[in-house]
Amino acid sequence: MAAAARMDLDGNPILPMTICMIGAGGFIGSHLCEKLMAETPHTVLAVDVYSDKIKHLLDPPSAAEGQQARHPWDGRIQFHRLNIKHDSRLEGLIKMSDLTINLAAICTPADYNTRPLDTIYSNFIDALPVVRYCSENNKRLIHFSTCEVYGKTIGSFLPKDHPLRKEPEFYVLKEDASPCIFGSIEKQRWSYACAKQLIERLIYAEGAENGLEFTIVRPFNWIGPRMDFIPGIDGPSEGVPRVLACFSNNLLRREPLKLVDGGQSQRTFVYIKDAIEAVLLMTENPARANGHIFNVGNPNNEVTVKQLAEIMTQVYSKVSGEAPLEMPTLDVSSKEFYGEGYDDSDKRIPDMTIINKQLGWNPKTSLWDLLESTLTYQHRTYAEAIRRAMAKPVAS
Ligand code: NAD
Ligand code: UDP
């Protein structure tokens with residue numbers, strides 16, 4: 001019996017499409033590729049300089065001797081190892097596709113003030129040809145921006161105990177109404193946000209002047225398995241990944257979790273698998289997604305970074321069976337941790353009206369549940385490698 005046709009939100013059958021996914025080998029890309037292979041008939045031209053995180057989708061599964069095993073999605077994903085900074089094959093791949101999804105970027109805060117030029121080039125200059133090829137060839141584009149384009153909240157400029165700080169208009173971030181508030185130029189943390197903002201404006205202008213069909217995604221701290229790297233295990237020893245991997249690394253090594261400037265900044269965390277559902281809805285409902293900017297986050301999962309450290313410590317103790325440390329956290333200054341020119345977003349609550357109205361999407365997973373599945377993965381994937389690395393004598 002033939003499988004029932006998959007329908008979009010308006011009851012129309014979804015036709016198979018070819019997607020050029022740039023940055024497919026990263027954290028979000030790897031989950032999106034998995035979803036597209038497991039649940040849709042679409043083909044992915046996966047572009048990246050790395051493929052480790054999608055290796056399990058690309059390599060044939062192991063088979064009994066003499067037999068050739070195949071994935072059910074065999075032939076629907078092709079990896080193209082190329083650097084979009086300088087590779088003439090990019091335009092051809094975009095032309096062959098119905099849709100381009102651009103995820104490629106330098107997007108780790110430790111890089112924003114230490115490698116500001118690479119950050120600006122990666123998030124603005126390198127994205128320019130992608131936008132141009134889509135526009136010139138009448139191809140749809142889903143571009144990944146960031147919640148960081150909002151910068152600081154209006155409320156953050158009021159005195160600490162001012163009653164207006166509690167009013168949602170002073171902190172909830174709305175795609176079509178909130179201003180973008182960055183720090184001064186020497187606070188190079190904001191170079192990332194500024195580059196992302198300018199590429200958003202350029203894409204919007206291509207839509208307005210040349211009819212580019214686009215969707216812009218603003219992720220609010222998506223987290224889950226395969227995010228970033230564990231320093232010294234599958235990334236550089238001196239590297240500083242995003243907070244989930246920093247805290248996972250501390251927990252795995254049984255060292256205190258470092259709270260930058262006391263860990264008072266607030267974040268909302270969304271489970272990667274919930275967020276990927278939103279991206280799939282955008283992908284398969286162009287009539288509802290084109291021309292829109294979408295916040296994708298979970299307003300119900302708000303914590304300070306200090307609270308995140310406390311919850312991760314409890315969850316890790318549960319999944320690993322190890323007792324928590326007596327001194328689970330340690331305060332460090334941002335200058336010591338990130339260097340000169342660091343600054344921070346104070347609070348990030350996404351307004352969900354637009355994504356809810358257009359795509360009917362809502363996040364489902366609580367912070368505890370998403371940390372439990374993520375830290376179970378971290379423990380299973382890294383605990384043994386860390387144990388071996390820590391047992392090695394240090395070279396004198
Ligand atoms: P990631 O670093 O895991 O993935 C980015 C991928 O792009 C990497 O695999 C990298 O190798 C690739 N890439 C970078 N430059 C490239 C180039 N020149 N040529 C080819 N490939 C290149 O990051 P992620 O978390 O998956 O984020 C993806 C996108 O989402 C980024 O644009 C980021 O700014 C945005 N974003 C993510 C989050 C989040 O919560 N994860 C939050 C805000 C914004
Ligand atoms: N942070 C921290 N300790 C760490 C890593 C990060 O206190 O070991 C803080 C960081 O200063 C920021 C928050 O955690 O306030 C989230 O940082 P992340 O790198 O995940 O990215 P951001 O949300 O700032 O883009």
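Student: Which oxygen or nitrogen contacts tie Arg189 to ligand 2, and how should I read them?

Tutor: Look for a polar contact, a pair of N or O atoms within 3.5 Å; within protein, one must be able to donate a hydrogen and the other to accept it, and residues adjacent in sequence count only if both atoms are side-chain atoms. Here, a polar side-chain atom of Arg189 sits 3.0 Å from an oxygen atom of ligand 2. Asp344 also offers a polar side-chain atom, 2.5 Å from an oxygen atom of ligand 2. Lys258 uses a polar backbone atom instead, 2.7 Å from a nitrogen atom of ligand 2.

Student: How much of ligand 2 does the protein cover?

Tutor: The protein covers 95% of the 530 Å² of accessible area that ligand 2 has on its own, with areas from the Shrake-Rupley method and a 1.4 Å probe; for residues, only the protein chains shown count as cover. Do keep in mind that this is a predicted model, where local features need pLDDT of at least 70, side-chain atom pairs count only at pLDDT 80 or more, and totals for chains, interfaces and linings use all residues. Side-chain values use heavy atoms, without hydrogens and water, residues are numbered from 1 along each chain as its sequence is written, and chains are lettered from A and ligands numbered from 1 in the order in which they are written.

Student: Which residues come nearest to ligand 2?

Tutor: A residue is near a molecule or strand if one of its heavy atoms lies within 4 Å of it. Of the 19 residues around ligand 2, the nearest are Val243, Lys258, Arg267, Asp344 and Arg348. The shell divides into 10 nonpolar, 2 polar and 7 charged residues, where Ala, Val, Leu, Ile, Met, Phe, Trp, Tyr, Cys and Pro count as nonpolar, Asp, Glu, Lys and Arg as charged, and the others, Gly among them, as polar.

Student: What links Arg189 and Asp344 within the protein?

Tutor: Side chains of opposite charge can pair when their charged atoms come close. A salt bridge is a side-chain nitrogen of Lys or Arg within 4 Å of a carboxyl oxygen of Asp or Glu. Arg189 and Asp344 belong to a network of salt bridges with Glu148, Arg267 and Arg348. The whole structure has 27 salt bridges.

Student: Where along the chain are the partners Glu34 and Arg226?

Tutor: Their closest N and O atoms are 3.1 Å apart. Glu34 is in helix α1 and Arg226 in the loop between β8 (222-223) and α8, 192 residues apart; helices (H or I, at least four residues) and strands (E, at least two) are DSSP runs, numbered from the N terminus.

Student: Is Arg226 buried or exposed?

Tutor: Buried means under 20% relative accessible area, exposed over 50%, partly exposed in between (1.4 Å probe, protein chains only). Arg226 is buried at 14%, while Glu34 is partly exposed at 23%.

Student: And what surrounds ligand 1?

Tutor: There are 24 residues around ligand 1, with Ile28, Asp48, Asn83, Tyr192 and Trp222 coming nearest. Helices α1 (27-39) and α7 (190-210) each supply at least two residues of this shell. Oxygen atoms of ligand 1 lie 2.8 Å from a backbone N or O atom of Phe27 and 2.8 Å from a polar backbone atom of Ile28. The protein covers 89% of the 820 Å² that ligand 1 has on its own as accessible area.
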